[in-house]
Amino acid sequence: IYLLKPQKLKLSDYLLGFGFVLLMVGIATVLNDVEIILPEIAALTTGLWIYHEPGWLNQPAKIFWLPSITAIVGFGINRLPLSYAVKISLLLLIMIVLLCLFRSTLAPSFATGLLPIIVNATELSFIIAILGFTLTLMLVVSLRKLHLQHPYHATINYRVMLVFLIIALLWVLVVSLLGRPQMAAIPPVLVVFFEILQKPMYPGKMAIKQMVALTGAATIGFVAYSLLDSRLLVTLIALPLVWALLYLLQVRIPAAYAFPLLAIILPHQMFQSLPLVTLLATSYFFGAAYLYQQYIKPRLISR
């Protein structure tokens, strides 16, 4: 699960992927529009162009329209007169329904839906950016025929969908009762959690590695942006550092690459607590996933 060893990664794929992410941040810098910076595009680029994740490459058209739909839904929900926690909960519920209806396991769709709520996106440029960048990702996958090189047939496990929703909503409820609603959703953590639940097994050693990887990536983004007052420079420096961290841990987690970009667009209050919140969230979600995979799922299957 998520190991680097089975797949030989090409330097050209890394350069193409990192260049695309830098282009996105560069455009946002030139236009002085932070809503163009979409952290999950970094995760999607890594998963599709670099790691060639079979589950993400399945049905290339969904790379474009599913994240776009969820982003538009999140953008609309953000404009409703609801509390932050209710907006997050409503989006998670709608996301599960959409993934079931369209029979997709494209986990980054959660992040593109949550982002407009988390950063309070209000400009049309956010939607235009989502449409443009996801369309580019889809076209490159299709032109390179990556979906044919890595065939995969997505299977929808409705029980897993329900387990994800229950555990996620419980987290939203707990942090809201504690007066910390801004902790309700850390998109990269939810993306990895959703993928974990799809796996046939989840060893404790992998849970610890993933906690270290995501918390480390969040810390890299936090420290880099604290020291450097340049979103483009932070991206240029932080992405290779995240790669080095994942290489040392011998894991591949596309969602980890979203953290440096998330750090540079978060509201100040969320930014200040990003490493700690990531540690707490990964402990909760990955711990819950471990308990489910090791103890609850075997009992459900045996019935």
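Me: How many salt bridges does a search of the whole structure find?
Reply: The search turns up two salt bridges, a term for a side-chain nitrogen of Lys or Arg within 4 Å of a carboxyl oxygen of Asp or Glu. Do keep in mind that this is a predicted model, where local features need pLDDT of at least 70, side-chain atom pairs count only at pLDDT 80 or more, and totals for chains, interfaces and linings use all residues. Residues are numbered from 1 along each chain as its sequence is written, and side-chain values use heavy atoms, with hydrogens and water left out.

Me: What makes R144 and D13 a salt bridge?
Reply: Their side chains meet at 3.0 Å, N to O, which is within the 4 Å limit, so the pair qualifies. R144 sits in helix 7 (residues 124-144) and D13 in helix 1 (residues 11-31), so the bridge ties together parts 131 residues apart in sequence. Helices here are DSSP runs (H or I, at least four residues; strands are E, at least two), numbered from the N terminus.

Me: Why is D13 called buried or exposed, and what about R144?
Reply: Buried means under 20% relative accessible area, exposed means over 50%, and partly exposed lies in between (1.4 Å probe, protein chains only). D13 has 4% relative accessibility, so D13 is buried. R144 has 29%, so R144 is partly exposed.

Me: How do you know that E53 and R252 meet in a salt bridge?
Reply: The N to O distance between their side chains is 3.4 Å, so this pair also meets the 4 Å limit. E53 lies in the loop between helix 2 (39-50) and helix 3 (54-57), and R252 in the loop between helix 12 (231-249) and helix 13 (259-265), so parts 199 residues apart in sequence are tied together. E53 is buried at 13% relative accessibility, and R252 is buried at 14%.

Me: What is notable about H52 in the loop between helix 2 and helix 3?
Reply: H52 has a positive phi of about 55 degrees although it is not a glycine. With a relative accessible area of 9%, H52 is buried.

Me: Which backbone oxygens does the side chain of Q293 reach?
Reply: The Q293 side chain reaches the backbone oxygen of I196 at 3.0 Å and that of K199 at 2.9 Å. A polar contact is a pair of N or O atoms within 3.5 Å; within protein, one must be able to donate a hydrogen and the other to accept it, and residues adjacent in sequence count only if both atoms are side-chain atoms. Both distances are within that limit, so both pairs pass on distance. Q293 is in helix 15 (residues 274-302) and is buried, with 6% relative accessible area.

Me: Why is the protein chain called as compact as a globular protein of its length?
Reply: First, the chain has 15 helices and zero strands. Its radius of gyration is 18 Å, close to the 19 Å that the globule rule gives for 303 residues, so the description fits. The radius is taken over C-alpha atoms, and the rule is 2.2 Å times the number of residues to the power 0.38. Along its principal axes, the C-alpha trace spans about 60 × 45 × 35 Å. Of the 303 residues, 55% count as buried.
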